[in-house]
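Visitor: I should like to request a close look at a single part of this protein. Please begin there and then connect it to the helix packing elsewhere in the chain.

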Amino acid sequence: MSGAALGLEIVFVFFLALFLLHRYGDFKKQHRLVIVGTLLAWYLCFLIVFILPLDVSTTIYNRCKHAAANSSPPENSNITGLYATATPVPSQHPCFKPWSYIPDGIMPIFWRVVYWTSQFLTWILLPFMQSYARSGGFSITGKIKTALIENAIYYGTYLLIFGAFLIYVAVNPHLHLEWNQLQTIGIAAANTWGLFLLVLLLGYGLVEIPRSYWNGAKRGYLLMKTYFKAAKLMTEKADAEETLEDVMEEVRKVNESIKYNHPLRKCVDTILKKCPTEYQEKMGRNMDDYEDFDEKHNTYPSEKSLVKLHKQVIYSVQRHRRTQVQWRILLEQAFYLEDVAKNETSATHQFVHTFQSPEPENKFIQYFYNPTVEWYWECLLRPWFYRILAVVLSVFSVIVVWSECTFFSTTPVLSLFAVFIQLAEKTYNYIYIEIACFLSIFFLSICVYSTVFRIRVFNYYYLASHHQTDAYSLLFSGMLFCRLTPPLCLNFLGLTHMDSSISHQNTQPTAYTSIMGSMKVLSFIADGFYIYYPMLVVILCIATYFSLGTRCLNLLGFQQFMGDNDMTSDLVDEGKELIRREKRKRQRQEEGENRRREWKERYGHNREDSTRNRNIHIDPKESNLSDLSTTRSASKYTRVNNRTERDRIELLQDVEPLDFNAETFTDDALESKSERYQPGGRYLSMSQTGIFDDV
């Protein structure tokens with residue numbers, strides 16, 4: 001099993017990162033370099049979290065083996081007497097190789113490759129790719145130039161910080177500049193920045209994750225919050241549609257002014273390819289390719305303005321598509337929560353859906369997850385499961401907060417993580433050590449990474465599921481993961497006292513700690529910032545518990561969901577009305593489809609029966625009739641069939657009532673309806689009387 005556990009985890013983590021990236025990114029539409037860069041960043045960060053428990057168990061075994069070697073007397077020892085009998089050597093040392101043991105020399109190389117690759121991604125490559133993906137240039141050279149200009153200040157700031165550390169080391173007379181010390185300074189600078197952000201995100205996640213599961217057991221709470229989200233999303237959706245219309249109007253003007261023989265026509269064609277299909281068709285119909293651009297003395301846009309317009313088109317189209325998808329998903333969630341609220345009082349214990357799922361369900365899932373099982377899970381078991389899970393996560397959060405405040409104390413050992421690991425180390429229970437380490441660092445990672453997935457910086461950074469995340473946000477999330485994971489692992493090793501700089505013991509360090517170098521070069525960071533700054537997590541947890549950040553954002557005008565607020569109540573009522581309107585609209589559509597299907601089946605069967613009866617009653621001798629009789633009988637049946645077909649078409653056209661919608665109800669629609677229902681005016685009058693039935 002030597003190295004097998006490492007190989008299995010490497011493969012498993014790769015597919016985990018690929019699955020998450022497929023959920024948030026779009027492999028078909030986004031650039032391959034963006035997908036590869038983000039996948040590599042996520043993969044390396046998740047790999048560090050999963051491999052670190054193996055490093056801990058291997059280090060504990062190496063310590064035991066080293067202690068056994070030091071305690072054994074030399075082979076040719078002539079020591080006799082009292083001293084020889086005072087230190088008996090056991091016949092069998094309790095050290096044994098763990099099942100996940102990694103041979104010597106592999107872990108240092110592995111951590112060095114993973115760490116420096118992730119640092120290269122987060123500080124150099126991903127920021128450049130971020131600016132490149134957001135650039136509106138029409139050529140690779142133009143995009144590279146824009147990316148370099150945008151990152152000049154970014155890289156200059158890093159060089160300034162690194163120069164400050166160099167000056168500090170150079171001025172200190174007790175220190176001498178060497179390559180290892182310069183490497184340690186760079187690592188310390190990166191970890192300091194990451195630890196500063198880590199504590200902020202950790203303080204939020206430690207409180208918000210257990211509270212989200214506790215509130216998930218409240219049906220009324222989730223439904224009210226969904227109504228609130230619907231009202232906010234409708235506002236954002238309307239704003240996205242308005243922005244897209246404005247941008248498309250600018251594109252239309254540019255398309256009409258720059259003709260086929262203009263030097264910048266290729267740039268305009270590139271912009272048109274990024275527009276939605278319906279706008280491309282409209283602009284294509286209004287295009288006059290035979291008009292020369294030199295015949296009219298118009299002011300044409302410059303290439304710089306076209307680059308700016310190209311950037312606006314990419315952003316507006318992506319935002320419009322994202323809001324449309326999110327609106328459909330939110331509607332499904334609201335309908336489902338309303339169904340759960342209705343089925344809670346069901347006496348049959350059968351879960352009934354208002355609308356059937358548009359996607360066909362798997363037969364295997366449909367067999368086991370039948371309506372009865374669904375009712376017991378959604379209406380009875382799921383709330384209690386969420387409450388129990390919230391209590392367990394709350395206990396973990398309390399342990400983390402206590403350990404963050406006391407991990408610097410070595411005598412006595414107050415950190416609960418260190419107590420658990422040391423108890424397992426005494427019995428050399430490597431399975432328990434790896435499970436305890438994995439659960440601990442996994443919970444810390446969930447608290448931090450989930451906050452990264454939840455936060456939203458206006459419309460510049462937002463991770464949206466169902467393949468709706470743009471390239472800029474994907475790359476930015478990869479940068480955050482690469483910067484947060486190394487200090488997160490160092491913090492975990494400090495909580496478990498596996499870091500010798502925290503435990504102050506002359507023991508063999510882990511392979512991960514060894515590549516970080518000795519922080520004694522920067523004593524004020526190793527003995528000050530790394531120890532006392534994590535204590536601020538207590539203040540952040542208290543602020544999150546009382547929703548101080550939410551209240552501040554609400555005062556600044558950013559509407560947040562708060563149960564005791566008038567603005568929240570208004571938005572909840574507005575969202576409830578929007579959901580009710582969409583629900584009524586979908587019900588009318590389903591009723592119309594059902595009536596259309598019934599009429600089609602009814603008249604389709606009648607037509608088949610009449611055809612079958614006609615073929616049966618035809619006498620073979622009648623085939624020798626004159627051409628006149630054949631023509632008359634054919635015209636007779638043709639008239640009958642045409643009349644039946646015309647009646648069937650008219651009934652099918654009249655079966656669905658006209659739905660009054662301010663977005664789709666136009667004069668053109670009325671004209672087309674009047675042209676379709678001209679015979680006798682009968683069906684036109686019936687449709688007009690049914691327009692305001694639902695108002």
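**A loop and the packed helices**

Guide: Histidine 497 lies in the loop between helix 16 and helix 17 (500–503). The model is a predicted one, and the backbone at this position deserves attention. Histidine 497 has a positive phi of about 60°, although it is not a glycine. Most residues other than glycine have a negative phi, and most peptide bonds are trans. A cis peptide bond occurs elsewhere in the chain: the bond from threonine 411 to proline 412 is cis, with omega near 0°. Proline 412 is likewise found in a loop, in this case between helix 13 (371–406) and helix 14 (416–427).

From the loop of histidine 497, one may turn to helix 16 itself. Two packed helices are described by the angle between their axes and the distance between the axes. Helix 16 (residues 471–495) packs with helix 4 (residues 106–134) at an angle of about 160°, and their axes are 9 Å apart. Because of that angle, helix 4 is roughly antiparallel to helix 16. The crossing in which helix 4 passes helix 16 is left-handed. On the side of helix 4, the contact includes Tyr115, Trp123, Leu126, Met129 and Arg134. Helix 16 contributes residues among them Tyr472, Leu475, Phe476, Met479, Cys482 and Arg483. Sorted by class, this contact of helix 4 with helix 16 comprises 13 nonpolar, five polar and two charged residues.

Helix 11 offers two further packings. In one, the axes of helix 8 (residues 219–257) and helix 11 come within 8 Å and cross at roughly 155°. Helix 8 and helix 11 are therefore roughly antiparallel to each other. Helix 8 passes helix 11 in a crossing that is again left-handed. The residues of this contact divide into 21 nonpolar, eight polar and 10 charged.

There is also a record for part of this region: an unreviewed UniProt entry places the feature "coiled-coil region" at residues 230–257. In the model, residues 230–257 are 100% helix and 0% strand, and the C-alpha atoms at the two ends are 40 Å apart.

The other packing joins helix 11 (residues 303–343) to helix 9 (residues 265–274), at an angle of about 10° and with the axes 9 Å apart. Helix 9 is therefore roughly parallel to helix 11. Here Cys267, Thr270, Ile271 and Lys274 of helix 9 meet Leu306, Leu309, His310, Val313, Ile314 and Val317 of helix 11. By class, the contact has seven nonpolar, two polar and one charged residues.

Finally, a word on confidence. The mean pLDDT of the protein is 80, and 78% of its residues reach 70 or more. Over residues 74–93, however, the pLDDT is below 50, and this stretch has five contacts in the model beyond near neighbours in sequence. The pLDDT also stays under 50 over residues 618–644, for which the model has three contacts beyond four places in sequence.

Terms used:
Residues numbered from 1 in each chain as written. Predicted model: local features only at pLDDT ≥ 70, side-chain atom pairs only at ≥ 80, totals over all residues. Heavy atoms only, no water. UniProt positions renumbered as here; feature names shortened; annotations may be inferred. Helix = DSSP H or I, 4+ residues; strand = E, 2+ residues; numbered from the N terminus. Axes fitted to C-alpha atoms, helices over the stretch in contact; angles between N-to-C directions. Parallel < 35°, antiparallel > 145°, perpendicular 65-115°, else oblique. Left-handed = near helix turned anticlockwise from the far one by under 90°. Contact = heavy atoms within 4.5 Å. Nonpolar A, V, L, I, M, F, W, Y, C, P; charged D, E, K, R; others polar. pLDDT = per-residue confidence, 0-100.
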